[in-house]
Amino acid sequence: MAKKHAPVAIGIDIGGTGIKGGLVNLNKGKLVGERQKVKTPEGAPIDAVLSAVAELRDKILAQDEAKGGDYPIGMCMPSVVRRGVAYSAANIADEWIGFDAAAAFSEHLGQPVSLVNDADAAGYGEAKFGHAKDPRGSLLVITLGTGIGSALIHNGKLVPNTELGHLSVGDHDDYEKYASAKVREREDVPLEEWATERLTPYFAKLEQLFSPDLFIVSGGISKQAADFLPHIAIQTRIDAAELTNNAGIVGAALLAQEGWD
Ligand code: BGC
């Protein structure tokens, strides 16, 4: 009997500084070939991003591993996205707001694409292939990076656009401006102090609102989890993500294959 090939899709993650993507083996949640990257055009205006994404797609397909195949494309960006339309714009041009981004990408790339929020893609990738393989209950994935992103997954299903980085907690009415990893770095706050003073009140609030079974912290800083996670004093279990760099790519690719709209 011929060996069945694993399903493969392209995932593309648009960020404020880089646009990254790759071919994803959807049985394993792992990249096939290398991760490819192009620079995010200055200010991330629509036209320039459309061209940059096409360039990235071509780089992905130029790899030997792509074998001239035809793959679904899933994308994510730092915006609230409903039915392909962006409703906010973090670190990208404001002209994205109200724009049917999925339709524009589909037209530019010559094939349908699916589009979701970047933290939703990363959280979903993590839920399916990372640390949290048990799909029961509520999982809240919090991405600590330039901003704070969130993904709520219940019994394996994503509830999109939670945008919990903008919660008002204590005196801080847009909490990511006080507690993101970038703010910590800029203000040179030691990891332990960041965890006790800034992250504990935040996770306590999330715990009160959602009572999740598990929190997962993702983003580059999760590599240093041992130095700060134990200092977040809450009741709920809180773990570091396993799919560090590629979670958004993997989650976006998987959602495309599942027909996310
Ligand atoms: C944005 C979210 C995004 C998060 C992480 C926040 O500022 O509002 O849409 O998921 O940053 O990039």
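Let's start with a pair of charged side chains: Asp239 and Arg237 meet in a salt bridge, with 2.8 Å from N to O. Asp239 counts as buried, because its relative accessibility is 16% and the limit for buried is under 20%. Keep in mind as you look around that this is a predicted model.

How many salt bridges are there by this rule? The count comes to 5. Another of them joins Lys177 and Asp174, again with 2.8 Å from N to O. The two partners sit in rather unlike surroundings: Lys177 counts as exposed at 61% relative accessibility, while Asp174 counts as buried at 18%. Then there's Arg57, which forms a salt bridge with Asp58, and here the closest N and O atoms are 3.1 Å apart. Arg57 is buried, with a relative accessible area of 13%, and Asp58 counts as partly exposed at 43%.

Now for the rings. The structure holds 7 aromatic pairs. One of them is made by Tyr175 and Tyr178, whose rings meet edge-to-face, 5.4 Å centre to centre and with 80° between the planes. Tyr175 counts as buried, at just 1% relative accessibility, whereas Tyr178 is partly exposed, with a relative accessible area of 21%. Tyr175 has another partner too: its ring and that of Tyr202 have their centres 5.2 Å apart and their planes at 5°, so this pair is stacked. Where do these two tyrosines sit along the chain? Tyr175 is in the loop between β10 (157-159) and α4 (176-179), and Tyr202 is in helix α6 (residues 191-210), so the pair links distant parts of the chain, 27 residues apart. Like Tyr175, Tyr202 is buried. Step back a little and you'll find that Tyr175, Tyr178, Tyr202, Phe203 and Phe215 form one aromatic cluster.

Rings also turn up beneath charges. The charged end of Arg82 sits over the ring of Tyr87, 4.2 Å from its centre. Over at Trp194, it's Arg184 whose charged end sits over the ring, 5.7 Å from the centre.

Time to zoom out to the domains. The domain assignment gives domain 1 as 8-121 + 246-257 and domain 2 as 131-240. Their C-alpha centres lie 24 Å apart, and the contact takes 9 residues from domain 1 and 10 residues from domain 2. Between them, domain 1 and domain 2 bury about 680 Å², with 48% of that on carbon and sulfur atoms. Which three residues supply more than any other three of the area that domain 1 buries against domain 2? They are Val80, Ala119 and Asp120, which together supply 65% of it. As for salt bridges across this interface, the rule finds 0.

Finally, follow the chain to helix α8 (residues 247-257). This helix is mostly covered, with 10 of its 11 residues buried. Among those buried residues are Ile249, Val250, Leu254 and Leu255, along with glycines Gly248 and Gly251. Just after α8 comes Gly259, which takes a positive phi of about 80°.

Terms used
Residues are numbered from 1 along each chain as its sequence is written. This is a predicted model: local features need pLDDT of at least 70, side-chain atom pairs count only at pLDDT 80 or more; totals for chains, interfaces and linings use all residues. Side-chain values use heavy atoms; hydrogens and water are left out. Rings of Phe, Tyr and Trp (its six-membered ring) pair if their centres lie within 6.5 Å; planes under 30 degrees apart count as stacked, over 60 as edge-to-face and the rest as tilted. Buried means under 20% relative accessible area, exposed over 50%, partly exposed in between (1.4 Å probe, protein chains only). Helices (H or I, at least four residues) and strands (E, at least two) are DSSP runs, numbered from the N terminus. A charge sits over a ring if NZ of Lys or CZ of Arg is within 6 Å of the ring centre and within 35 degrees of the ring normal. Domain bounds come from an automatic or database domain assignment. Contact means heavy atoms within 4.5 Å. Buried area is the accessible area (1.4 Å probe) that two parts lose on being put together, summed over both. A salt bridge is a side-chain nitrogen of Lys or Arg within 4 Å of a carboxyl oxygen of Asp or Glu.
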